[in-house]
Amino acid sequence: MFKYIVRRILNLIPVLLIISILIFGIIKMAPGDPLSTRLDPTSTAEQRAAEREKLGLNDPVPVQYWKWLTKSIRGDFGESTMYRKPVKDVVPGFIWNTFLLNVVVYIIAFLISIPIGIICAVKQYSKTDNFWTVFSIIGISMPSFFFGLLLIYFFAVKLNWFPINGMVTPGKNAIGWARVTDILRHMVLPAIVLTIGSMASLVRYTRTSMLEVINQDYIRTARAKGLSEKVVIYKHAFRNALIPIVTIIGFTIPSLFSGAVILETVFVWPGIGNVMMESITARDYNMMMALNMFFALLTLLGNLLADIGYALVDPRIKVD
């Protein structure tokens, strides 16, 4: 297992290199430049030329990429033109804001969705199964930003039960338990949107995976031996149905840190997804490159975690 993990990590290096080239090229092909947000509209041509030279925008694109790559390897992702300070000093705080929201969402979603998916598979075509099937279809189909706006309108604007946006109440400066309560109140609406979206897909994945397993011959044999239904379902069937679920978990762990760009923008949640959207608007190249590479690395690590999880839940799978 250790050799397999080391080999996979080494294989990430050329993949990340290719991804960095593609991302850098795509960003450079986009119209505009960071000068529009960095300089005053009344700045002179000489000032703009001096600023372009300072940012290295006059260099050929391959030279710009090489400079960025060599600095990034040393942990220097450049200065954010939006925040006017190094990218490595900006990102960590927003990452933990995103993690705080997503870890609550996924814990709730997994604890609820997996048992529901198992029940739907065992009671196929029952009223319970039909209800959660409709719920899943609606949850998957409804755009998260639309659902978020509905919740804001009814529960924040009309009923005034929850704050409209943000993570804390401006000017409140609460500490201790009061601050925790304030954050939780701000978290409720975005957490509901993310939880329902996650549950919709998780219920379907779990149900489908369980249905494939409980119709196998060894499950009928286990029942014929007189084993209780709980033992058959949860000990024999569920473990063999875990592989698709492990895939979702593998991709869920990276998304704890990568955020939901659209939803964080709707609720103005100060997470990494909201920063990504702002950096695109402000043409903050250094921030965009750093975040895109961070998201790419998380996705690759999610694949690795899923593959390791396969071997742990299914002894028939050999990592070598």
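A residue counts as buried under 20% relative accessible area, as exposed over 50%, and as partly exposed in between. Val157 has a relative accessible area of 47%, so Val157 is partly exposed. Val157 is found in helix H7. The model examined here is predicted.

The overall architecture is considered next. The protein has 320 residues, and 41% of them are buried. Its secondary structure consists of 14 helices and 2 strands. The C-alpha trace spans about 85 × 55 × 35 Å along its principal axes. The accessible surface is about 17,900 Å². Carbon and sulfur atoms account for 68% of that surface. Among contacts with a separation of 6 or more, 72% join residues 24 or more positions apart.

Val157 belongs to a nonpolar patch on the surface. The other members are Phe145, Phe146, Leu149, Leu150, Tyr153, Phe154, Ile164 and Ile262. Together, the patch residues present about 810 Å² of accessible area. Helix H7, residues 144-158, supplies the largest share, with 7 residues.

The interior was examined next. In soluble globular proteins, nonpolar side chains tend to be buried together. The largest nonpolar core in this model holds 31 residues. Trp132, Met210, Ile214 and Phe238 touch the most other members of that core. Seven helices are listed here by their contributions of two or more residues: H5 (87-122), H6 (127-141), H8 (177-214), H9 (217-224), H10 (229-240), H11 (242-258) and H14 (285-313). Helix H5 gives the largest share, 8 residues. Another core, of 16 residues, lies apart from this one. Its members include Met167, Ile183, Leu263 and Phe267.

Ile214 illustrates the contacts made within the region of the largest core. Beyond residues up to four places away in sequence, Ile214 touches Ala121, Ile219, Arg223, Ile233 and Ala237. Arg223 in turn takes part in a salt bridge with Glu229.

Two positions in helix H5 give contrasting pictures. Ser113 lies in helix H5. Its relative accessible area is 0%, so Ser113 is buried. The Ser113 side chain reaches the backbone oxygen of Ala109 at 2.6 Å. Outside its neighbours within four places in sequence, Ser113 is in contact with Met199, Leu202 and Val203. Leu100 also lies in helix H5. Its relative accessibility is 31%, so Leu100 counts as partly exposed. With neighbours within four places set aside, Leu100 is in contact with Met167, Ile183 and Met187. Met167 and Ile183 are among the members of the 16-residue core. The C-alpha atoms of Leu100 and Ile19 are separated by 28 Å, and these residues are 81 residues apart along the chain.

Charged pairs were then surveyed. The structure holds 3 salt bridges. One of them joins Arg207 and Asp129, with the closest N and O atoms 2.7 Å apart. This pair links distant parts of the chain. Arg207 sits in helix H8 and Asp129 in helix H6, 78 residues apart. Both partners are buried.

A further salt bridge joins the side chains of Asp217 and Arg220, at 2.2 Å from N to O. Both residues lie in helix H9, 3 residues apart, about one turn of the helix. Asp217 has 54% relative accessibility, so Asp217 counts as exposed. Arg220 has a relative accessible area of 46%, and is therefore partly exposed.

In the salt bridge between Glu229 and Arg223, the closest N and O atoms are 2.7 Å apart. Glu229 has 37% relative accessibility and therefore counts as partly exposed. Arg223 has a relative accessible area of 34%, so Arg223 is partly exposed too.

Notes: Residues are numbered from 1 along each chain as its sequence is written. This is a predicted model: local features need pLDDT of at least 70, side-chain atom pairs count only at pLDDT 80 or more; totals for chains, interfaces and linings use all residues. Side-chain values use heavy atoms; hydrogens and water are left out. Patches are made of residues with over 30% relative accessible area and no salt bridge: like charges are joined within 9 Å, nonpolar side chains (Val, Leu, Ile, Met, Phe, Trp, Tyr) within 5 Å. Accessible areas come from the Shrake-Rupley method with a 1.4 Å probe; for residues, only the protein chains shown count as cover. A salt bridge is a side-chain nitrogen of Lys or Arg within 4 Å of a carboxyl oxygen of Asp or Glu. Helices (H or I, at least four residues) and strands (E, at least two) are DSSP runs, numbered from the N terminus. Buried means under 20% relative accessible area, exposed over 50%, partly exposed in between (1.4 Å probe, protein chains only). A nonpolar core is a set of buried Ala, Val, Leu, Ile, Met, Phe, Trp, Tyr and Cys residues joined through side-chain atoms within 4.5 Å. Contact means heavy atoms within 4.5 Å. A polar contact is a pair of N or O atoms within 3.5 Å; within protein, one must be able to donate a hydrogen and the other to accept it, and residues adjacent in sequence count only if both atoms are side-chain atoms.
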